[in-house]
Amino acid sequence: MVKYNAEHLNNVFSVLSDPTRRTIIEQLSKGERSVQELAEPFDMSLPAISKHLKVLENAGLVTHRKEGRFRYYAIEPNSMDEACEWISTLKELWTKFEGMFCCSKQKKQ
């Protein structure tokens, strides 16, 4: 199995365990957004959204730029590559051993 940066993987999965942050990532997958735009679907204050954005930024998943008084956030390209590769490797193992474990598709039917 390929070596991964365990600290980075743990951080990414920890950050993405929060549903608010996952929703923010989904919004940013459609393009750059201001803090105000990102806050619209949530029933929380702008400072609370800003805290979520800071967590995402500290994990390296998003970046921001400032234009006047406004901050615009975007997904950091390739920030999920290591996590996606790790999941892909595990999926290959699960597929390889499908049928040997109680969670296989065949045993569920």
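Let's start with the length of helix α5 in this predicted model. With 16 residues at 1.5 Å a residue, α5 should span 22 Å, and its end C-alpha atoms are indeed 22 Å apart, so expectation and model agree. Now look at which residues α5 hides: Ala83, Thr89 and Leu90 are buried. Seen down the helix axis, they fall within an arc of 125°, so they line one face of α5. Turn to the face that points away from this buried side and you will meet the exposed residues Lys91, Glu92 and Lys96.

What do the buried residues of α5 pack against? Their partner is α1, so that helix is our next stop. An α-helix has 3.6 residues a turn, so residues three or four places apart point the same way.

In α1, which runs over residues 6-16, the buried residues are Leu9, Val12, Val15 and Leu16. They cover an arc of only 135° around the axis, which puts them on the same side of α1. From there they pack against α2 (19-28), α4 (46-58) and α5 (81-96). The face of α1 turned away from its buried side carries Glu7 and Asn10, both exposed.

Follow the chain onward to the loop between α1 and α2, and you will find Asp18. This residue is buried yet has no salt bridge. Where is the nearest side chain of opposite charge? It belongs to Arg21, 4.3 Å away, and a salt bridge is counted only within 4 Å. The side chain of Asp18 does have a polar atom 2.9 Å from the backbone nitrogen of Thr20.

Notes: Residues numbered from 1 in each chain as written. Predicted model: local features only at pLDDT ≥ 70, side-chain atom pairs only at ≥ 80, totals over all residues. Heavy atoms only, no water. Buried < 20%, exposed > 50% of the residue type's maximum accessible area, 1.4 Å probe, protein only. Helix = DSSP H or I, 4+ residues; strand = E, 2+ residues; numbered from the N terminus. Arc of directions from axis to C-beta. Contact = heavy atoms within 4.5 Å. Expected span 1.5 Å × (residues − 1). Lys, Arg positive; Asp, Glu negative; His and termini not counted. Polar contact = N/O pair within 3.5 Å; in protein donor to acceptor, adjacent residues only side chain to side chain.
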